[in-house]
Amino acid sequence: MATVEMVMPKMGESVMEGTVLAWLKNVGETIEEDESILEVATDKVDTEIPATHAGVLKEVLAQEGDVIEVGKPIAIIETEGDSNGAAPTPAESPKEEPAPVEQAEAMMETAMSTASSSNGTSVPRTSDSGKFFSPLVRSIAKEEGISVAELESISGSGKDGRITKNDILNYVENRKSGAPAPSTQPAAAPAMPSASHQPMPVAIDGGDEIIEMDRMRKMIAERMVASKHISPHVTSFVEADVTKVVAWRNKVKNEFFSRENEKLTFTPILIEAIVRAIKDFPMINVQVDGNNIVKKKAINIGMATALPTGNLIVPVIHNADQLSLVGITKKVNDLAKRARENKLKPDELQGGTYTVSNVGSFGNVMGTPIIMQPQVAIMALGAIQKKPSVVETPEGDMIGIRSKMFLSHSYDHRVVDGALGGMFVRKVADYLEAYDLNRGI
């Protein structure tokens, strides 16, 4: 029998570590290759990790709650065959990973070093006392203005007393609530909201139920609040006549399903129109980097997706401008399905340059969506409704029943003014209103 070390896999270009949430297999159990054996959380997504080899789970090296760097061992699998067989030895497994891991860690170190110059907080990988701080912990410390001395005072719940993400987040919460921050030296001023922005205290009565936010809900809350602080939001609205779109879809949807084995919803049709408008107005497809505007070459469309848990996730259709309507439809259906099944890969949640939110799926007619940072715009797609409307004809104006929807376009007023933001959403409506009824699939 041979043994193989299973390591924390690389789960995305910017993901350097993962937190073990739960082991799905117990020591001694037989496992198949590619069978899910543990669940891991990153700052991007929670995902199940498959076994790299078939055999028996001999030993678990990472406990639930441990933060493990990519390329580090997490389990030992006993496999068939001898140590000279096809199965790699423990020393062989991590050799493929260190280069990209070290490169990614170096990039994070550089970014943190640059950022620390503005808030005075610089956190090394290892303290003078030998305490190790993971990249994620250092990143949170930098954002919250937590000094090394404060980190030293935090009691870690991870392996060998290591500080986990939950440890430092709990410390941040306690500090914001007014609990004294133990420190042996003056700490950098924490990035806390001013007194005028402190949340109002909540009165709790005897019959009230207290529900603790799960990890994803906390992440959503933090990012939404941060976005409103970063970007001055402005929203423009256009009501689009989508009668032709509705008629075309009704005409081809059965044939589409028979040929492609995919349901044709309105979402990919609307995304296609948005992509065309981005090509006309490329300054919508930008990001802000300090005093610079980064004009993105790729058009990557994020699609906000509601999860069964009540949370929200935004998978990304990369290079949407290079896809046909069939290609966009397949991507939309696949990403939405795997999002609800918690099977998305971290790379599928990164790189978005523009986002859509289909609020119409809940019967809402319009919304004021919050921008996904570091993007500068997002569009909410309202419900399609039949309405009496004035129709211009050669014989004069008449009243007709038309299918209409609101397009709500929120944008970052730092770099997108009302003219650009308004013309963009109007152009999307123009493409929808001029839809070709004779178009093929």
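Here is a quick tour of the fold, followed by some of its strands, one helix pair and two buried residues.

This is a predicted model, so the local features below need pLDDT of at least 70, side-chain atom pairs count only at pLDDT 80 or more, and totals for chains, interfaces and linings use all residues. Residues are numbered from 1 along each chain as its sequence is written, and side-chain values use heavy atoms, with hydrogens and water left out.

**The overall picture**

- The protein has 9 helices and 18 strands; helices (H or I, at least four residues) and strands (E, at least two) are DSSP runs, numbered from the N terminus.
- Of the 441 residues in the protein, 44% are buried, where buried means under 20% relative accessible area, exposed means over 50%, and partly exposed is in between (1.4 Å probe, protein chains only).
- Take the contacts in the protein with a separation of 6 or more: 64% of them come from residues 24 or more positions apart. Contact here means heavy atoms within 4.5 Å.

**Strand E8 and its partners**

- Strand E8 covers residues 73–79 and is mostly covered, with 5 of its 7 residues buried.
- E8 pairs with strand E1 (residues 2–7) in the antiparallel sense, over 6 bridges; two strands count as paired if DSSP finds at least two bridges between them.
- E8 also runs antiparallel to strand E6 (residues 55–60), joined by 4 bridges.
- Ile77 of E8 is a handy landmark: Val4 stands opposite Ile77, and Ile77 is the bridge partner of Leu57 too.
- As background, strands of a sheet pair through backbone hydrogen bonds, either parallel or antiparallel.

**A four-stranded open sheet**

- An open sheet of 4 strands runs in the order E5-E4-E2-E7, with antiparallel pairing.
- Its edge strands are E5 (46–50) and E7 (67–69), each pairing on one side only.
- From one strand to the next, the twist averages 45°. Axes are lines fitted to C-alpha atoms, for helices over the stretch in contact, and angles run from 0 to 180 degrees between N-to-C directions.
- Strand E2 (residues 17–23) and E7 run antiparallel and are joined by 3 bridges, with Ile68 in E7 as the bridge partner of Gly18.

**Strand E12 and its partners**

- E12 (301–306) comes after a loop that follows strand E11 (292–295).
- E12 pairs with strand E15 (residues 354–357) in the parallel sense over 4 bridges, and Ala304 has Ser357 in E15 as its bridge partner.
- With strand E14 (residues 316–317), E12 pairs in the antiparallel sense over 2 bridges; here Ile301 is matched with Ile317.
- Strand E13 (residues 312–313) runs antiparallel to E12, joined by 2 bridges, and Leu312 in E13 stands opposite Ala306.
- E12 and E13 form a hairpin with 5 residues between them, and Gly310 in the turn has a positive phi of about 95°.

**Helices H6 and H8**

- H6 (residues 243–260) and H8 (residues 325–340) pack at an angle of about 75°, their axes 13 Å apart.
- The two helices are therefore roughly perpendicular to each other; the label covers 65 to 115 degrees, while angles under 35 count as roughly parallel, over 145 as roughly antiparallel, and the rest as oblique.
- H6 brings Trp248, Phe256, Arg259 and Glu260 to the contact, and H8 brings Leu325, Val326, Thr329 and Lys330.
- Those contact residues divide into 4 nonpolar, 1 polar and 3 charged. Ala, Val, Leu, Ile, Met, Phe, Trp, Tyr, Cys and Pro count as nonpolar, Asp, Glu, Lys and Arg as charged, and the others, Gly among them, as polar.

**Two buried residues**

- Ile299 sits in the loop between E11 and E12, and counts as buried because its relative accessibility is 6%.
- Leaving aside neighbours within four places in sequence, Ile299 is in contact with residues including Val275, Ile278, Ile317, Ala320 and Thr353.
- Ile299 and Ile278 are 21 residues apart along the chain, with 7.9 Å between their C-alpha atoms.
- Ser236 is found in strand E9 (residues 233–241) and counts as buried, because its relative accessibility is 17%.
- The side chains of Ser236 and Tyr411 are joined by a polar contact of 2.8 Å. A polar contact is a pair of N or O atoms within 3.5 Å; within protein, one must be able to donate a hydrogen and the other to accept it, and residues adjacent in sequence count only if both atoms are side-chain atoms.
- Beyond its neighbours within four places in sequence, Ser236 is in contact with several residues, among them Leu407, His409, Gly422 and Val425.
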